[in-house]
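Here is a short briefing for a reader new to this structure. Please look at the sequence and the model before reading on.

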Amino acid sequence: MKIGVIGGTGPAGQALAVQYAAIGVEVLVGSRSQERAEGIVDELTTKWSSRSLPLVPAENAVAAGADVVVLATPWEGVLATIGELSAPLEGTLVISMANALTRWGRGMVPLLPPSGSVTASVALALPSSRVVGAFHHMPAGPWGDLDHPIEADVLVTSDDRAAAREVVALVDRLPGLRGVDAGGLGSALAIEAFTATLVEVNRRYKTHAAIKLTGIEPHE
């Protein structure tokens, strides 16, 4: 399996890329610029030189040809980005991790996209893809530290039930993480919006909070 990360040169994309590369999955780190992708891959492989991470720099269009594609671009540009990639993404499992947030005064507040959530917007824009929302609450900086795994639950939403199960299993492969099926795309708005609350908690307590649910039996 290959994972392509569109917008993989940003903090969230880099964190996800190194996490999967660290367990032996080949990851295409995508960018609008091949040169930018090569620079980030050089930085990551140098930083984690003892781990032999299978990271490959690529333009977004190449990353879109992977078996699983993760959208790690800022939410404002995600629709424009995938609009150029709809053909290679047909039939592909596409994971959206974007949150629609904006600054209001000193804090961050959630926005309401016309479709109800960023994930739902992606699903509407890619009707031939298998769109799933996941990884919305992961703190990018700490998550990118391979020496200190984060203990967290990743809430997964999709109207494609089989795709949701695949992503839950994909999450479960990462150290410290547990995938939790949170239902269809109707749940995506609440999950994405809650990211603003986590940002505020992190600001007030000077930490990097993540989500951990109680009362769920561990996966077998």
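The largest nonpolar core has 41 residues. A nonpolar core here is a set of buried Ala, Val, Leu, Ile, Met, Phe, Trp, Tyr and Cys residues joined through side-chain atoms within 4.5 Å. Buried means under 20% relative accessible area, exposed over 50%, and partly exposed in between, with a 1.4 Å probe and protein chains only. Leu55, Phe135 and Trp143 have the most contacts inside this core.

This is a predicted model: local features need pLDDT of at least 70, side-chain atom pairs count only at pLDDT 80 or more, and totals for chains, interfaces and linings use all residues. Residues are numbered from 1 along each chain as its sequence is written, and side-chain values use heavy atoms, with hydrogens and water left out.

**The cores**

- Several elements give two or more residues to the largest core: strands S1 (2-6), S2 (26-31), S4 (68-71), S5 (93-96) and S9 (152-156), with helices H1 (11-22), H2 (34-47) and H7 (161-172).
- Helices (H or I, at least four residues) and strands (E, at least two) are DSSP runs, numbered from the N terminus.
- Apart from the largest core lies another, of 21 residues. Ile6, Leu28, Val69 and Ala100 are among them.
- Leucine 55 is in contact with Ala17, Val18, Ala21, Val27, Val29, Val41, Leu44 and Thr45, leaving aside its neighbours within four places in sequence. Contact means heavy atoms within 4.5 Å.

**The whole chain**

- The chain has 8 helices and 10 strands.
- Its radius of gyration, taken over C-alpha atoms, is 16 Å. That agrees with a compact globule of 220 residues, which would have a value near 17 Å. The globule rule is 2.2 Å times the number of residues to the power 0.38.
- The C-alpha trace spans about 45 × 40 × 35 Å along its principal axes.
- Buried residues make up 49% of the 220 residues.
- Of the contacts with a separation of 6 or more, 73% are between residues 24 or more positions apart.

**An enclosed helix**

- Helix H5 (residues 118-125) is largely enclosed by the rest of the structure, because 6 of its 8 residues are buried.
- Those buried in H5 are Val118, Thr119, Ala120, Ser121, Val122 and Ala123.
- Their cover includes S4, helix H4 (78-83), S5, S8 and H8.

**Two positive phi angles**

- Most residues other than glycine have a negative phi.
- Phenylalanine 135 is not a glycine, yet has a positive phi of about 65°. It lies in the loop between strand S8 (130-133) and helix H6 (140-143). Phenylalanine 135 counts as buried, because its relative accessibility is 3%.
- Lysine 206 also is not a glycine, and has a positive phi of about 50°. It lies in the segment after helix H8 (188-205). Lysine 206 is exposed, with a relative accessible area of 75%.

**Pairs distant in sequence**

- Glycine 179 sits in strand S10 (residues 177-181). It counts as buried, at 1% relative accessibility.
- Glycine 179 and alanine 134 are 45 residues apart along the chain, and their C-alpha atoms are separated by 8.8 Å.
- Alanine 209 is in the segment after H8. Leaving aside neighbours within four places in sequence, it is in contact with His137, Pro139, Leu198, Val201 and Asn202.
- The C-alpha atoms of alanine 209 and alanine 152 are separated by 9.2 Å, with their positions 57 residues apart along the chain taken as the separation.
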